[in-house]
2 protein chains.
Amino acid sequence: MSSPSGAGKTTLSRKLLATDNNITMSVSATTRAKRPGEEDGKDYHFVSKPQFELMVARGELLEWATVFGNMYGTPKAPVEKALAAGRDVLFDIDWQGTQQLSQAMENDLVRVFILPPDAETLQDRLIHRQQDSAMVIAKRMAKAPDEISHWAEYDYVIVNAEVETAFAEVKAVLVAERLKRRRQVGLTQFVRELTAKL
Amino acid sequence: MSSPSGAGKTTLSRKLLATDNNITMSVSATTRAKRPGEEDGKDYHFVSKPQFELMVARGELLEWATVFGNMYGTPKAPVEKALAAGRDVLFDIDWQGTQQLSQAMENDLVRVFILPPDAETLQDRLIHRQQDSAMVIAKRMAKAPDEISHWAEYDYVIVNAEVETAFAEVKAVLVAERLKRRRQVGLTQFVRELTAKL
């Protein structure tokens, strides 16, 4: 799931994780400073730049990118473990990460882009979450057109005008994707047993 | 939407049409006799064999097939009219019709296969709808393995164990498919206007 900052992606992710037992959040590693209220290992794995560079060198990241001078990446091991256990994994990443993951995961990746209903709402949401300084808000706003310019690289696009509606839409995408024939492990065996009794 | 008779496809279709304002049922033409309670122009367009053959000859059908000696087909004009008006069209057709429509509509077609949870349920449902003679029920049961054998040609597979759950799943597929980027007419313009104000 990608979006410009302020489109509501974090709220939608949290609701999804709170209401669905079969999805795990991928916790990114980052070299950026912890914000107030953030928890190491939950919101991010906060690491030093040398530590991050070591992970890159060892091929331990599925994707990584530098944004505003900070490095962000997705550790490979927890993702592979969750998928092997039949769980889904939610990635809260930007267009650069999505491009890299698309190559790494191909058909397994479902790409969802969240858009704000209008520019005013995007700015309002950034200001009201009160996490960032005025300078950081201005930087995030300035970065929004770049992130939004990649909307056409996604499978689904959801305009988040009202959070409950947008959440129902995110949920519908998840439910539908799980119903795709090629994702349903065990269907061949199920159909074989069903047909044997007809 | 396809399924063997008795998997609950008709119930699911009716619920979908009753709760969604933007979907239209494609009414098939058929040469078979009207069953008790069926209405001409609503359940089917009941036509004679020469009339049906004329529609075939004129290329007025999107797909057609012969089943148990009766001909069934999908009239093209109402489908094109609905799609041009931005509406979705629901097809209640078998695997033969789906194969033909897949060629005619390509990426525009979303193929959903409904399976019964087990063989007993399939038989129970056929008996309890009390529309058919014992011989017809036996024939429908005998045809089920053939229809089911085509499940892997569909995009989504839904096992209808409990109708409310299966209906929520059908609905999720519809909602999600409408959120696909390539189906959302006007997104390019929306993003252009959004970005212009950032």
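Copies are superposed by least squares on the C-alpha atoms of residues with pLDDT of at least 70 in both. This is a predicted model: local features need pLDDT of at least 70, side-chain atom pairs count only at pLDDT 80 or more, and totals for chains, interfaces and linings use all residues. Residues are numbered from 1 along each chain as its sequence is written, with chains lettered from A and ligands numbered from 1 in the order in which they are written.

**Both chains.** Select chains A and B. Chain B falls on chain A after a rotation of 180 degrees with 0.0 Å of shift along the axis, at RMSD 0.0 Å. The two copies are therefore related as by a two-fold rotation axis.

**The axis.** Go to B:Ala172. Its C-alpha, at 2.3 Å, comes closest to the rotation axis among the residues of chain B. The same surface serves both copies: 100% of the contact residues of chain B (C-beta atoms, placed from the backbone, within 7 Å) recur in chain A.

**The sheet.** Stay in chain B. Four strands make an open, mixed sheet, ordered S3-S2-S5-S4. Strands (E, at least two residues) and helices (H or I, at least four) are DSSP runs, numbered from the N terminus; strands pair if DSSP finds at least two bridges between them. Select 45-46 and 61-67 of chain B: these are edge strands S3 and S4, each pairing on one side only.

**The S4/S5 pair.** Add S5(B), residues 70-75; S4(B) pairs with S5(B) in the antiparallel sense over six bridges. Find B:Val67, opposite B:Asn70 in S5(B).

**Two helices.** Select 76-84 of chain B. This is helix H3, lying across S4 and S5 of chain B at about 30 degrees to S5(B). Angles run from 0 to 180 degrees between N-to-C directions, and axes are lines fitted to C-alpha atoms, for helices over the stretch in contact. Finish on 95-105 of chain B: helix H4 lies across S4 and S5 of chain B, at about 160 degrees to S4(B).
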